[in-house]
Amino acid sequence: MESDGLHSIGELARRTGLSVRTIRFYSDSGLVPPTGRSAAGYRLYDLDALARLDLIRTLRELGLDLATVRRVLSREVGVPEVAAAHVEALDVQIRTLRLRRAVLRAVAKRDPGQQELRMMHRLAQLSDEERRRLIEDFVSEIFDDLDANPEFVAMMRSAVPELPDDPSPAQLDAWVELAELVQDPGFRASVRRAAEYQAADRAEGAPQGMQHELAQWVRERVTRAVEDGIAPDSPAAAPVLAELVARYAAEFGAEDTPAYRARLLTRLEAGNDPRAERYWQLMATVNGWPIPPSLSPVFDWFARALRHDAAR
């Protein structure tokens, strides 16, 4: 150290742990200008330069680029403001890395082909807003021009995928499958057909609501029949079917006639597409919700009984 309290680049390097080459680069860039020069023409630096080097090293270790470091040193922007912006940037990077890790975990378990791998990566990179829009576009295409069951439509619109920042392989797989499903023309046509039946029933004065109690009653009645060993195409199914149809007819203000049974069969076949149930199972998996119990076997039994009855 010089007698006047100035330091050479070598001394700064020893005190800061930075290399002479790095300090010289910062000095040449104007980030740490020399305070003066020695009699031999070597650059000399004061304690302020030492403090600036410590700050530069800290900011660089935190990932800030040199342009931002320069703005901090020139007091164009404060350290808290820079730190807040950098936290946001790091959050994005962390989320991206977690999604990449989730994709790799899924790949390790599934061994997908190149095309599927590219699709998994693309879908995993979608933002929350893009994922919501994918589902919203699907729901809008199905329901926007129909006067379908308002409670059901509201439920469809409110259920959006919220993939965690660090999804499990099961959640990532579920999201990829869900995204594929809502873009499947066959599935869209099936849901549209069921929605059109809903709209037609409403136009004829069908009751409002989701009919949860009716669905629960049907589940319990069909479950008892199955437990009793009653096949849907057996003679013993006839009285069970009569109970089921009578309950539906009473609920919807209709009479149990062959025409009504044919209409009910059409509705059940449209509404019991296993892909529709899969849609809700996937949505629940992505969002970490409890998986809803399956009604598909129940309404499949009901529909098979109706078909057997019509064929007699």
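**Figure 1. A close-up of E220, a partly exposed residue with a relative accessible area of 40%.** This is a predicted model, and our tour starts at helix 11, which runs over residues 212-227 and holds E220. With 40% lying between the 20% and 50% cut-offs, E220 ends up in the partly exposed class. Now look for V298: in sequence E220 and V298 sit 78 residues apart, yet their C-alpha atoms are 8.9 Å apart in space.

**Figure 2. The stretch that UniProt labels "domain: HTH merR-type".** The label comes from an unreviewed UniProt entry and covers residues 6-75. In the predicted model, that stretch of chain is 57% helix and 6% strand. Follow it from one end to the other and the end C-alpha atoms turn out to be 24 Å apart.

**Figure 3. Helix 1 and the elements its buried residues pack against.** Helix 1 spans residues 9-16, and its buried residues are I9, E11, L12, A13 and T16. What do they pack against? Their partners are helix 2 (20-28), strand 2 (43-44) and helix 3. Just after helix 1 comes G17, a residue with a positive phi, near 85 degrees.

**Figure 4. The second largest pocket, with a volume of about 150 Å³.** Ten residues line this pocket, and R52, L55, V72, L73 and R75 are the closest to its centre. Two elements each give two or more residues to the lining: helix 3 (47-61) and helix 4 (66-73). Helix 3 supplies the largest share, with four residues. Sort the lining by type and you get six nonpolar residues, three charged and one polar.

**Figure 5. Aromatic rings, in a pair and in a cluster.** The model has eight aromatic pairs in total. One of them joins F25 and Y26, with 5.9 Å from centre to centre and 55 degrees between the planes. Why does this pair count as tilted? Because the angle of 55 degrees falls between the cut-offs of 30 degrees for stacked and 60 degrees for edge-to-face, F25 and Y26 go down as tilted. Are the two partners buried or exposed? F25 is partly exposed at 42% relative accessibility, while Y26 is buried at 8%. Elsewhere in the model, F138, F187, Y279 and W280 are linked into a cluster by ring pairs.

**Figure 6. A238 in helix 12 and its spacing from L306.** Helix 12 covers residues 237-252, and A238 belongs to it. The relative accessibility of A238 is 37%, so this residue counts as partly exposed. Along the chain, A238 and L306 are 68 residues apart. In space, the C-alpha atoms of A238 and L306 are 9.2 Å apart.

**Figure 7. L264, a buried residue of helix 13.** Helix 13 runs over residues 258-271 and includes L264. Because its relative accessible area is 6%, under the 20% cut-off, L264 counts as buried. Which residues does L264 touch, leaving out those up to four places away in sequence? The contacts are V245, Y248, F302 and L306. That last name, L306, also turned up in the view of A238. As one more spacing to check, L264 and A249 are 15 residues apart in sequence, with 9.3 Å between their C-alpha atoms.

Conventions. Residues numbered from 1 in each chain as written. Predicted model: local features only at pLDDT ≥ 70, side-chain atom pairs only at ≥ 80, totals over all residues. Heavy atoms only, no water. Buried < 20%, exposed > 50% of the residue type's maximum accessible area, 1.4 Å probe, protein only. UniProt positions renumbered as here; feature names shortened; annotations may be inferred. 1 Å grid on protein atoms, 1.4 Å probe; cavity = no way out; pocket = protein on both sides within 12 Å on 5 of 7 lines; lining within 4 Å. Points joined across faces, edges and corners; volume = space filled by probe spheres on them. Nonpolar A, V, L, I, M, F, W, Y, C, P; charged D, E, K, R; others polar. Phe/Tyr/Trp six-rings, centres within 6.5 Å; stacked < 30°, edge-to-face > 60°. Contact = heavy atoms within 4.5 Å.
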